[in-house]
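User: Could you take me through one part of this protein up close? I'd like to start from a single residue and work outwards to the strands and core around it.

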Amino acid sequence: MSDSSGTRGRRPLRRALVAALGTLGLAAAAATAGAPSASASAPTPPSGWTRVFADDFNGPAGSGVDTADWRYDTGTSYPGGPANWGTGEVERMTSSSDNVALDGNGNLLITPRRNAGGAWTSGRIETNRTDFQAPSGGKLRVEARVQMPNATGAAAKGYWPAFWMLGAPYRGDYQNWPSVGELDIMENVQGLNTVWATMHCGTSPGGPCNETSGIGSSTSCPGTTCQAGFHTYAMEWDRSVSPEAIRFSVDGSVYHTVTANQVDAATWADATGHGFFVILNVAMGGGFPNAFGGGPDGGTEPGHPMVVDYVQVLSAGGGTTPPPGGDRNAYSAIQAESYDSQSGVGTETTGDSGGGQNIGWIADGDWALYQGVDFGSTPARQFYGRVASGAAPGVSGLVEVRLDSRGNAPVGSFAVGNTGGWQSWRTVPTNISPVTGTHDVYLTFASGQPSDFVNVNWFGFGH
């Protein structure tokens with residue numbers, strides 16, 4: 001559902017055509033827009049899995065989503081992002097209950113509307129969290145039970161519902177697609193009884209991931225059509241196998257798999273070496289519908305909602321930290337991009353002296369892990385961070401140091417705000433509690449607000 005080219009560059013239209021889909025005809029019959037009942041709640045995680053996020057969309061009819069978990073995307077673009085969400089869609093997204101609302105029966109309804117002047121509105125929400133990532137050696141499963149808008153044929157022309165994910169570095173940048181990764185778990189157009197799943201990565205156009213089409217596949221919904229009933233759409237990211245695999249399924253049947261060896265190592269790392277956030281939306285028109293007959297016209301019926309019963313994110317396995325090996329010297333510069341694990345951060349070429357890369361797109365709740373940092377027997381009492389920030393006025397946050405667990409209290413921290421630009425670098429020192437021995441070091445980032453606030457090039461410690 002998103003498109004861009006390169007890093008920090010202007011984004012072209014994503015979907016001109018979806019390759020190798022075969023010949024698909026539009027269903028002839030129009031359908032009603034009634035919203036069926038939901039199941040009681042998100043299913044209990046299977047043995048070995050842990051729930052890390054869920055929303056059953058329970059609440060009074062007409063109420064909005066829980067803004068502790070979700071944020072509304074409004075207008076026709078992200079701030080400073082490409083027009084029409086980069087895809088050529090024609091609707092204006094709103095936070096109105098006319099477009100995004102609970103139905104009182106445990107469903108979320110995202111409903112496109114058309115006013116008397118012919119203008120379309122619809123809804124798009126995304127999780128506040130950006131840290132959904134498979135643990136090292138483990139798995140991540142993201143699933144939703146959804147009924148696509150119950151319209152077919154001419155009534156469905158231009159409809160484009162989707163359930164998908166974007167790499168965390170996209171938030172606040174909006175110019176680094178597709179390198180930061182996109183996972184389309186469910187897309188549909190024109191009321192077809194077809195679900196598409198796609199991974200976007202690399203560069204656009206072309207590149208290792210065949211952009212702007214991406215690495216995708218499709219299948220029909222089993223049993224009841226996609227429009228006439230609920231189906232469970234899921235993505236399972238498996239880092240317990242080699243090569244690493246991302247599998248897409250409908251009602252438990254896997255129909256598309258992307259593996260790490262399908263692209264070069266750098267492309268895969270750029271696309272998956274960070275957390276993701278989840279998006280639900282119904283677009284009207286745009287590149288994907290255009291490939292199957294065009295956008296909405298006078299025969300398109302407004303008012304058919306995408307109905308979402310639940311969304312949940314599960315995690316399994318992994319998370320075992322190897323014993324510290326003492327292979328990092330606390331008193332030499334530790335390059336920030338050399339992390340062993342992270343959530344929410346991305347890497348980019350740095351403009352700092354010495355070149356190389358820095359980590360960036362860092363916001364509240366993000367973190368990076370550096371295993372086996374050897375402090376020796378003489379206590380370290382200072383921490384130094386090489387940082388830069390182009391954050392807006394009034395936006396600042398803390399760079400914190402924690403040892404061995406993100407749940408432990410920081411041994412020290414410093415605050416950083418705008419330094420004059422995202423590549424305007426300065427070294428900031430701070431005192432820390434005395435540290436000896438060998439530890440895993442976590443850099444954690446806290447600001448209490450969603451905007452990116454810092455880049456980090458390197459860090460180190462002193463006596």
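Analyst: Here is a walk from one residue out to its strand, the sheet and the cores. Some ground rules: this is a predicted model, where local features need pLDDT of at least 70, side-chain atom pairs count only at pLDDT 80 or more, and totals for chains, interfaces and linings use all residues. Residues are numbered from 1 along each chain as its sequence is written, and side-chain values use heavy atoms, with hydrogens and water left out.

Let's start at Leu-140, which sits in strand β9 (residues 138–147); strands here are DSSP runs of E with at least two residues, numbered from the N terminus. Leu-140 counts as buried because its relative accessibility is 2%. Buried means under 20% relative accessible area, with a 1.4 Å probe and protein chains only.

Who's around it? Setting aside neighbours within four places in sequence, Leu-140 is in contact with several residues, including Trp-49, Phe-132, Met-235, Trp-237 and Val-313; contact means heavy atoms within 4.5 Å. Asp-238 is 98 residues away along the chain, yet its C-alpha atom is 6.7 Å from that of Leu-140.

Now zoom out to β9 itself. Eight of its 10 residues are buried, so β9 is largely enclosed by the rest of the structure. β9 runs antiparallel to strand β18 (residues 306–317), joined by 10 bridges; two strands pair if DSSP finds at least two bridges between them. In β18, Ser-315 stands opposite Leu-140. β9 also pairs in the antiparallel sense with strand β14 (residues 231–238), over eight bridges, and there Arg-145 has Thr-232 of β14 as its bridge partner.

Elsewhere, seven strands make an open antiparallel sheet, in the order β2-β8-β17-β10-β11-β12-β13. β2 (70–72) and β13 (215–219) are the edges; each has a single partner strand, so one side of each has no neighbour in the sheet. Inside that sheet, five bridges link β10 (residues 159–167) to β11 (residues 182–187), with Ala-162 partnered to Glu-187 in β11.

Finally, the packing. The largest nonpolar core has 52 residues, and Leu-108, Phe-163, Tyr-233, Met-235 and Leu-280 have the most contacts inside it. Such a core is a set of buried Ala, Val, Leu, Ile, Met, Phe, Trp, Tyr and Cys residues joined through side-chain atoms within 4.5 Å. Strand β17 (residues 276–284) gives the largest share of this core, five residues. Leaving out neighbours within four places in sequence, Leu-280 is in contact with residues including Leu-108, Ala-162 and Phe-163.

Terms used. Helix = DSSP H or I, 4+ residues; strand = E, 2+ residues; numbered from the N terminus. Buried < 20%, exposed > 50% of the residue type's maximum accessible area, 1.4 Å probe, protein only.
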